[in-house]
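I opened this model to keep a record of what I looked up in it, entry by entry. My notes follow below the display.

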Amino acid sequence: MTGNVLLAARMAAAALQQQELADALNRRIEEFTGRLGTVSDRQVRNWLTGKTRSPRARQRRALEEEFDCPAEELGFAPTASGSTDQAQPAPPEDPVRRRTFASTAAALAAAAVLPPAPAAAPRVGMADADRLETAFAQLVAADNQYGGTISLETRALAFAHHAMELQSVGQATQRVRARLYYLAAAFTGTALWSAVDAHQPEEAQRHLDRAMTLAGLSGNPEVTLRLWGHAAVLATQQQHHQHALAAALAGRASTACRRDPLYRSLASARLAGIQAGLGEQLAALRTLEHATDAFDLADHSAPRPAWMGFYDRSELDGLGALVMARIGQHDKSEAYLHRTLSRLRPEYTRNRIYYSAHLALAQLRQDDVEQACLTAASVLPASSGDSLTGRTGRLLDTFTRELSTTAPRARFTIEWTDQYASRQGGHP
């Protein structure tokens, strides 16, 4: 199934989330039918993923009016009258046409935020890079709140595309070019993390390969460290545990970690989690202690890139909780998670949900079934039209399986199973 990158790019350019677009379309339908439309968040997601290629006639009209263009320019197939919202099989796509569509989508999204490059061999300078840096910080903030989404991934790739376009439109110093390579790597890394968070490993691997090339061209050790961290998580998702260990070790040995204890703390905490998953209990606990020592040594007021803003004491405790869970010390994992959730900043919505799901598992593994179900219920989206990231959805799948094994006839198990089944349609 091929995602609708054109619609995603148009939404990114208009800064529209899925529910916001659904609401806007429903209002437009009301204007020309007299009755409020029934477009849902889930229908918009089906359009974005490519599951639905042909909206109903009134929805198609509303989309065309909302974006002021034909539906075909939004990535939808031409349809005759009587088209429905049922899933339509996507015809095979020519790879060249697919790349052309992706480039068009990237250009749309980037052009909506950044000024177009002048036609006459301009001078590309730090001001151009500064605008991209601001856009990068905004994407990082969106990722912290919403997690991996198709829209976020597309926006990140759009800005990476724009950064590389700036390389070819005019003159620039080597310093500016290195920074543009760094920004292209950073944006591609955000697309990579979005795919990892959504548990889309094949897509993530493609982004990783591209991002590593760009990072090498930039010569920036911080962005390379970030990518090694993402590579370790991706390899774990792919069950390539030795690759994950190698990536984590490469990150901790990086120049960035030698220069700054805070980077060394983050790399060590991630390495400890991988060692724990491999059964290396003593090594994991020792590495986690090194992470804590490095965190205490760091100058937390020093300037660092926007992506590093998430790493504070609450995140260190969260990574420590994962270590404890993987070595079977679930009481200690629960204690770490309570500290994490009490300290986590309000804007880190995605991480709060993710660590709450881990807390439910830690409680269940101590046979506290009632509290575990209450904690898990707090993670569920408000309605079936909302969604969780792929990582969190899979944690709740694990929770449900273990709950059915631990207490198959308990009232709380039955209630949770019914509640969870009613919301599963919202998972990515």
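**Asp312.** I began with Asp312, which I found in the loop between α14 (281–297) and α15 (313–326). The model is a predicted one, and in it Asp312 has a relative accessibility of 18%, so I put it down as buried, the limit for that word being under 20%. I then asked which residues Asp312 is in contact with once its neighbours within four places in sequence are left aside. The list I obtained consists of Phe295 and Arg345.

**Trp193.** Next I turned to Trp193, which lies in helix α8 (residues 174–197). Its relative accessible area is 12%, and I therefore noted Trp193 as buried. When I set aside the neighbours within four places in sequence, I found Trp193 in contact with Asp143, His230, Val233, Arg350 and Arg391. I also looked up the pair Trp193 and Gly229, which are 36 residues apart in sequence, and I read a C-alpha to C-alpha separation of 9.8 Å for them.

**Helix α17.** Arg350, which I had just met as a contact of Trp193, also appears among the α17 residues that meet α19, and this led me to look at α17 itself. I wanted to know what span the 16 residues of α17 (residues 349–364) should have at 1.5 Å a residue. The expected value is 22 Å, and because the C-alpha atoms at the two ends are 23 Å apart, I recorded that the two agree. I then checked how much of α17 is covered, and found that 13 of its 16 residues are buried, so that the helix is mostly covered.

**α17 against α19.** For this pair I read an angle of about 15° between the packed helices, with the axes 10 Å apart. Since an angle under 35 degrees counts as roughly parallel, I entered α17 as roughly parallel to α19. The crossing in which α17 passes α19 is left-handed. On the α17 side I listed Arg350, Ile353, Tyr354, Ala357, His358, Ala360, Leu361 and Leu364, and these meet Arg391, Thr392, Leu395, Leu396, Thr398, Phe399, Glu402, Leu403 and Thr406 in α19. Sorting the residues of this contact, I counted 10 nonpolar, four polar and three charged. Arg391, on the α19 side here, is another of the residues I had noted in contact with Trp193.

**α18 against α19.** I then looked at how α18 (369–379) packs on helix α19 (residues 390–406), and read an angle of about 155° with the axes 12 Å apart. That makes α18 roughly antiparallel to α19, the limit for this term being over 145 degrees. The crossing of α18 and α19 is left-handed. From α18 the contact is made by Val369, Ala372, Cys373, Ala376 and Val379, and from α19 by Thr392, Leu396, Phe399, Leu403 and Thr406. Which kinds of residue make up this contact of α18 with α19? I sorted them into eight nonpolar, two polar and no charged.

**α11 against α13.** As a further pair I took helix α11 (residues 241–252) and helix α13 (residues 261–277), which pack at an angle of about 160°, with their axes 9 Å apart. I therefore wrote them down as roughly antiparallel to each other, and I noted that α11 passes α13 in a left-handed crossing. In α11, His241, Ala244, Leu245, Ala248, Leu249, Gly251 and Arg252 meet Ala267, Ser268, Leu271, Ile274 and Gln275 of α13. The residues of this contact divide into seven nonpolar, four polar and one charged.

**Two positive phi values.** Most residues other than glycine have a negative phi, and with that in mind I marked two exceptions. Asp68 is not a glycine, yet its phi is positive at about 55°, and I located it in the loop between α4 (57–67) and α5 (95–113). With a relative accessible area of 71%, Asp68 is exposed. Asp367, likewise not a glycine, has a positive phi of about 65° and sits in the loop between α17 and α18. Asp367 has a relative accessibility of 58%, so I counted it as exposed.

**The whole protein.** Last, I looked up the totals, and found 20 helices and zero strands. Of the 428 residues in the protein, 51% are buried. Among contacts between residues at least 6 apart in sequence, 70% join residues at least 24 apart.

Technical notes. Residues are numbered from 1 along each chain as its sequence is written. This is a predicted model: local features need pLDDT of at least 70, side-chain atom pairs count only at pLDDT 80 or more; totals for chains, interfaces and linings use all residues. Side-chain values use heavy atoms; hydrogens and water are left out. Helices (H or I, at least four residues) and strands (E, at least two) are DSSP runs, numbered from the N terminus. The expected span of a helix is 1.5 Å times one less than its number of residues. Buried means under 20% relative accessible area, exposed over 50%, partly exposed in between (1.4 Å probe, protein chains only). Axes are lines fitted to C-alpha atoms, for helices over the stretch in contact, and angles run from 0 to 180 degrees between N-to-C directions. Angles under 35 degrees count as roughly parallel, over 145 as roughly antiparallel, 65 to 115 as roughly perpendicular and the rest as oblique. A crossing is left-handed if the near helix is turned anticlockwise from the far one by less than a right angle, and right-handed if clockwise. Contact means heavy atoms within 4.5 Å. Ala, Val, Leu, Ile, Met, Phe, Trp, Tyr, Cys and Pro count as nonpolar, Asp, Glu, Lys and Arg as charged, and the others, Gly among them, as polar.
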